[in-house]
Protein chains: 2
Amino acid sequence: MRSDRHTVVPAPPNAANNSTGRRERNKEVKQARIFAAAAELFAEHGYAAVTTQQIAERADVANGTLFRYASTKAELLLMVCNDDFRRNLDRGRRNVSAPDAAAAAPVPRILTLVTPLIVAGRRSDANTAAYQREIMFGEPTERYRAEALVLVAELQLAIAGILAAARPSTSTSTSTSDSTLAARAVSNVLHLELARATLAETPPTVFLTELTAQIELITRGYLAAGQ
Amino acid sequence: MRSDRHTVVPAPPNAANNSTGRRERNKEVKQARIFAAAAELFAEHGYAAVTTQQIAERADVANGTLFRYASTKAELLLMVCNDDFRRNLDRGRRNVSAPDAAAAAPVPRILTLVTPLIVAGRRSDANTAAYQREIMFGEPTERYRAEALVLVAELQLAIAGILAAARPSTSTSTSTSDSTLAARAVSNVLHLELARATLAETPPTVFLTELTAQIELITRGYLAAGQ
DNA sequence: ACTCATTACTGAGTATAGTCCGAAATGTAG
DNA sequence: CTACATTTCGGACTATACTCAGTAATGAGT
């Protein structure tokens, strides 16, 4: 690393780095390696079957270092899965606002919104349940748990938007809080049914039927209140 | 001190159990000691802060013996909490069928049914969330987890009964499955909101307001479908 | 009562998530 | 460069849920 020539003119250390210091870059690179290692191993063997040692090894960092980037094994899972969640949430929102979907009835619109989430959830069986568990029951103060909660809140907001749009605005101020409430109920049902289905290996068709029925129920209740 | 009666141990099919051999009695006595020890320690320090060693010590059995009576620390919690759940579910059912409550509107009736569960849940803060977590995400094959699921199913049945009674029987066979579905939605919401409230230490009034509103929503949706 | 098969108990042992403090690397000033 | 400050790293260490192979207790057959 270091040139030990004795003929003077060593380059000043701090001038070369235009963007960030070595430290910053090292951290970023390690963060990326840890993320990749965790993502690969979880996908390959499932959350429970992977040890933090394995992740550290594949990321080529010491065991202790791992916990400087994610304070907990569960946080590693949240870190990895949040990315998918965010991506699928974005896809869902885009699909909902597509021209043909934008005019549809509220229940199909909600289903359009959550379909990417469900599909991804059903694909990675074992990890989805663990992810849901950590979202619901993890330490609220941890970083990636907090991020996950933000995503859940965004999902609820999107659902509330669909519901509110479906009800001819009656101009009452309660309308907003009602849609928020209904969205929360839908979100509750979605999370629990998704977790249950992946754990019990419910066939997708059955799962979808039950989920749809419950969403219809809640939507009906919401719309009925508007009169 | 908690429950002293060990209503657990469903006695092997061998019917003459009351005065069976020493072995059987020894097991029962140990089971009772373990139950009591776990109940006391969980109540006193909270699930997470108690080690299986402590439980074994207080129950005066070896560490390994503990796991012959409950295959997991989580199973110990389920074992203990199931008793309370069952007791409170019974109280709720009794209250609902009391003369004055029997004629009330469905939402108040449902609230009457679940109030004992909620009150108990709010009392033992930390353990309630852990209990809900294990009910939803525990190994489905474990004994006390299975018992808990039966209780949840009974709760849903009770809710479905209230709902069905509130809708003037339209004689269609779909009525039953509708009420089951709505009951499931209510149960989903109840479990998640209860867990969330205990974790976030939401004040009881706020929690009750939100829970009630969601139950009203679902009930309205259920009744609206009957037309 | 003696033998033997079966069941229950035990506690040292194992695996692994998470901690801690000294070491190393990086940046800063004279 | 040398000295010092601050941040990051590392891996031996700890705590604890759970296991397992050996041991003891029980009860049935004779």
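The questions below deal with a predicted model, its DNA strand C and the interface of its chains A and B.

In this predicted model, local features need pLDDT of at least 70 and side-chain atom pairs count only at pLDDT 80 or more, while totals for chains, interfaces and linings use all residues. Residues are numbered from 1 along each chain as its sequence is written, chains are lettered from A in the order in which they are written, and side-chain values use heavy atoms, leaving out hydrogens and water.

Q: Which element gives the largest share of the surface near DNA strand C?
A: A residue is near the strand if one of its heavy atoms lies within 4 Å of it, and 20 residues surround DNA strand C. The largest share of that surface is four residues, and they come from helix 3 of chain B.

Q: Which residue has a polar side-chain atom 2.7 Å from a phosphate oxygen of DNA strand C?
A: A polar contact is a pair of N or O atoms within 3.5 Å. A backbone N or O atom of Ala62(B) lies 3.2 Å from a phosphate oxygen of the strand, whereas the polar side-chain atom at 2.7 Å belongs to Thr65(B).

Q: With which residue does Arg184(B) form a salt bridge?
A: A salt bridge is a side-chain nitrogen of Lys or Arg within 4 Å of a carboxyl oxygen of Asp or Glu, and four are found across the interface of chain A and chain B. In the one formed by Arg184(B), the closest N and O atoms are 2.8 Å apart, and the partner is Glu193(A).

Conventions:
Polar contact = N/O pair within 3.5 Å; in protein donor to acceptor, adjacent residues only side chain to side chain. Helix = DSSP H or I, 4+ residues; strand = E, 2+ residues; numbered from the N terminus.
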